[in-house]
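Student: Please take one part of this structure and go through it closely. I would like a single connected account rather than a list.

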Amino acid sequence: MKQSKYVKQWRVFYCLIIFLLLSFADLYIYFKMNTVLLGTDTLFHYSRVQEIYENLKHGAFFTWISTRYFQQTGVGSYLFYPDIFLYFWALLKFIFPPVQAFYV
């Protein structure tokens, strides 16, 4: 039996809605507990965001090396990892408290 195109589209839409609701429910728990979820390399990327935030706060718009974090050794991880998406995350830290900015 062939399903109509309309039914297939609604099935995809419902799956997407369920996925989004479960994702938001999972994040909401951590948001309300005011804690940060940690993964294997989460601290590394949080440090990168914090470095970008500090540089933006002091007027430096581009980050090439990390001078405040990673034991202040001047790590050049920004040369090898893309950081364009981290700028949006760092900008959220100007609006929201630190923990909430990671989940917005």
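Tutor: Arg-48 touches several residues that are not its close neighbours in sequence: with those within four places set aside, its contacts are Phe-70, Ser-77, Tyr-78, Tyr-81, Pro-82, Asp-83 and Leu-86. This is a predicted model, and the values below are computed from it. Arg-48 is located in helix α2. Arg-48 is buried, yet no salt bridge is found for it. The nearest side chain of opposite charge belongs to Asp-83, at a distance of 5.3 Å. A salt bridge needs a side-chain nitrogen of Lys or Arg within 4 Å of a carboxyl oxygen of Asp or Glu, so the 5.3 Å between Arg-48 and Asp-83 does not qualify.

Helix α2, which covers residues 42–57, does hold a salt bridge, between Lys-57 and Glu-54. Their side chains meet at 3.7 Å, N to O. The two residues are 3 apart in the sequence, about one turn of the helix. Searching the whole structure gives 1 salt bridge. Its two partners are covered to unlike degrees: Lys-57 is partly exposed because its relative accessibility is 44%, while Glu-54 is buried because its value is 13%.

Helix α2 also takes part in the largest nonpolar core. That core has 8 residues: Val-49, Ile-52, Tyr-53, Leu-56, Tyr-78, Leu-86, Tyr-87 and Ala-90. The elements giving two or more residues to this core are α2 and α3, and α2 supplies the largest share, 4 residues. Tyr-78 and Leu-86, both members of the core, are also among the contacts of Arg-48. Leu-56, another core member, has contacts of its own beyond four places in sequence: Phe-61, Tyr-87, Ala-90, Leu-91 and Phe-94. In soluble globular proteins, nonpolar side chains tend to be buried together.

Asp-83 can also be placed relative to Gln-71, which is found in the loop between α2 and α3. The two are 12 residues apart in sequence, and their C-alpha atoms are 20 Å apart in space. Gln-71 is exposed because its relative accessibility is 72%.

Nonpolar side chains also appear on the surface of this model: a patch there includes Tyr-6, Trp-10, Tyr-14 and Phe-24, and its members together have about 1,100 Å² of accessible area. Tyr-14 lies in helix α1, residues 5–33. Tyr-14 counts as partly exposed because its relative accessible area is 49%.

Notes. Residues numbered from 1 in each chain as written. Predicted model: local features only at pLDDT ≥ 70, side-chain atom pairs only at ≥ 80, totals over all residues. Heavy atoms only, no water. Buried < 20%, exposed > 50% of the residue type's maximum accessible area, 1.4 Å probe, protein only. Lys, Arg positive; Asp, Glu negative; His and termini not counted. Contact = heavy atoms within 4.5 Å. Patch = residues over 30% accessible without salt bridge, like charges linked within 9 Å, V, L, I, M, F, W, Y side chains within 5 Å. Areas by Shrake-Rupley, 256 points an atom, 1.4 Å probe, with all protein chains shown as cover. Core = buried A, V, L, I, M, F, W, Y, C linked by side-chain atoms within 4.5 Å.
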